[in-house]
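Dear colleague,

I am passing on the structure we spoke about, with the sequence alongside it. Please open it before you read on, so that you can follow the notes with the coordinates in view.

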Amino acid sequence: MNAENFGSSERLVAAAYVRQGAQGRRGHELLLRALLEQGKCPEDGWDESTIELFLHELAIMDSNNFLGNCGVGEREGRVASGLVARRHYRLIHGIGRSGDISAVQPKAAGSSLLNKLTNSVVLDIIKLAGVRTVTNCFVVPMATGMSLTLCFLTLRHKRPKAKYIIWPRIDQKSCFKSMITAGFEPVVIENVLEGDELRTNIEAVEAKIKALGAENILCVHSTTSCFAPRVPDRLEELAVICAKYDIPHIVNNAYGVQSSKCMHLIQQGARVGRIDAFVQSLDKNFMVPVGGAIIAGFDASFIQEISKMYPGRASASPSLDVLITLLSLGASGYKQLLKERKEMFSYLSSGLKKLADTHNERLLDTPHNPISLAMSLKNLDENNDVAVTQLGSMLFTRQVSGARVVPCGSVQTVNNYTFKGFMSHSNDYPCAYLNAASAIGIKKQDVDVFLKRLDKCLKTSRKEGNKEKTKIQT
């Protein structure tokens, strides 16, 4: 209620009580005012009542919620199900206009304000996470792969002759298909093995640029977050090469926001060389439903060009989800989650190393990977060539999700390109292994249960493998 309505209330309820209620309302409004004025994530998280009040205030600014609204167009925010309307807080119009996902909608001032605030709050969090010189970003209602495609399509207009994308190999289908979908030819650069780690072959990248001609290359497509023993690309060296040959550089930072090391690599790459845009997932970094990503960069005009490349309006759901989450957590809550993730990484690493030693395996030495770990399965692989894949099935049936078991020598074709040793990021990695990751939101209980179940599965696999080996020998 406004001041006039509070004044009218004093005819019905004692003035002292009404003033007390008005002061309570004022407390909520001060939080809203700070958000609108500063556009930053609040230091302390908001309670649910404040968030719901805020969303209600936004919703009644949209034309579909006007009292007496008469809509005669083809898109008037009509919703058949009340359950669907409540699920979206009656913010039905989505974000953007037909020509720009970041544009303001005349029919939907509230939804447009939601969009602007979400992008501003997310930009603040990216800076907090370590990329302090980022200038612009926007939330796009597509997951990481399609968001990368949008970046490549935007670059097409800047480099019409280009047909190749230089891509240090990472065995993950969506980032590979993002280049194919955009109509470009990926040039796969095999990684080099340094100890247990698979690292970027900088010499091969530069040699391929010289061989193809810089003008024929759309961009270098690098990666930060990845499964061990693959480690983040050498972003600084790649950024320097991109600046040297005047080639754009797009970074797949899928779940890198939660890692200070990944964010530092991006910050340093932009400082010493060239990074045009970096893309990160909403669900992996902010624990919201799948379906959104953030495209960010250091040249505000280029990021705006990408937003204009998105055709039509877009769903507001990813923006709504991440804004609610960040307002609930506050900057301090998100920083606490980042701190806990780092602690759990050390805890998982220690526990996995002990377990590996028990089973005569070893935790692979991958110090440059800050999120994912890998444990060898060499002995299991030697006993029985199918035991490795069976271990993965055993873990899954015991409700262990997210662990990846990678056998040696698997071959897979993706969009007519054949990868040898697929999932291992290498044609011939020396051993089979198992992956586990310490991602944001993981708890000590998750680690303890995982290690306990893995131990049992390894013991079972070893027994079955020995039986099979005995049969073969006899």
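What follows is a description of the overall make-up, then of the annotated site, and then of several local features.

Please keep in mind throughout that this is a predicted model. The protein has 16 helices and 14 strands, and its C-alpha atoms fill a box of roughly 95 × 55 × 40 Å when this is taken along the principal axes. Of the 474 residues in the protein, 52% are buried. Among the contacts between residues at least 6 apart in sequence, 72% join residues that are at least 24 apart.

The annotated site

The unreviewed UniProt entry places the feature "binding site" at Arg97, Ser98, Gln105 and Arg313. These positions span 217 residues in sequence, yet no two of their C-alpha atoms are more than 9.7 Å apart, so they gather at one spot. I looked at the two arginines in some detail.

Arg97 belongs to the loop between α4 (82-87) and α5 (109-129), and with a relative accessible area of 37% this arginine is partly exposed. If residues up to four places away in sequence are not counted, Arg97 touches Ala103, Val104, Gln105, Pro106, Gly312 and Arg313. Arg313, for its part, is found in the loop between α12 (300-309) and α13 (317-358), and is likewise partly exposed, at a relative accessible area of 34%. On the same basis of leaving out residues up to four places away, the residues that Arg313 touches are Arg75, His93, Ile95, Gly96, Arg97, Ser98 and Gln105. The contacts of Arg313 thus include the annotated Arg97, Ser98 and Gln105.

Helix α7 and the β12-β13 hairpin

In helix α7, which runs over residues 173-181, Cys175, Phe176, Ser178 and Met179 are buried. Seen down the axis of α7, its buried residues fall within an arc of 150 degrees, so they line one face of the helix. After α7 comes Gly183, which has a positive phi, near 90 degrees.

Strand β12 (residues 411-414) pairs with strand β13 (residues 417-420) in the antiparallel sense, over four bridges, and Val411 stands opposite Lys420 in β13. The two strands form a hairpin with two residues between them, and Asn415 in the turn has a positive phi of about 50 degrees.

Aromatic residues

How many aromatic pairs does the model contain? The count comes to ten. Phe176 and Tyr417 form one that is tilted, with 5.8 Å from centre to centre and 55 degrees between the planes. This pair links distant parts of the chain, since Phe176 is in helix α7 and Tyr417 is in strand β13, 241 residues apart. Phe176 is buried, with a relative accessible area of 2%, whereas Tyr417 is partly exposed, with a relative accessible area of 31%.

Another pair, formed by Tyr429 and Tyr433, is edge-to-face, with 5.6 Å from centre to centre and 75 degrees between the planes. Tyr429 counts as buried at 9% relative accessibility, and Tyr433 is buried as well, with a relative accessible area of 0%.

Phe176 and Tyr417 also belong, together with Trp167, Phe419 and Phe422, to one aromatic cluster. Elsewhere, the charged end of Arg404 sits over the ring of Phe227, 3.9 Å from the centre of that ring.

Around Phe345

The last residue I would point out is Phe345, which has its place in helix α13. Is Phe345 buried or exposed? Its relative accessible area is 17%, and because buried means under 20%, Phe345 falls on the buried side of that cut-off. Leaving aside neighbours within four places in sequence, Phe345 is in contact with Asn369, Pro370, Ile371, Ser372, Leu373 and Ser438. The C-alpha atoms of Phe345 and Ala439 are separated by 8.1 Å, although these residues are 94 apart along the chain.

With best regards

Conventions:
Residues numbered from 1 in each chain as written. Predicted model: local features only at pLDDT ≥ 70, side-chain atom pairs only at ≥ 80, totals over all residues. Heavy atoms only, no water. UniProt positions renumbered as here; feature names shortened; annotations may be inferred. Buried < 20%, exposed > 50% of the residue type's maximum accessible area, 1.4 Å probe, protein only. Contact = heavy atoms within 4.5 Å. Pairing = 2+ DSSP bridges. Arc of directions from axis to C-beta. Phe/Tyr/Trp six-rings, centres within 6.5 Å; stacked < 30°, edge-to-face > 60°. Lys NZ or Arg CZ within 6 Å of the ring centre and 35° of its normal.
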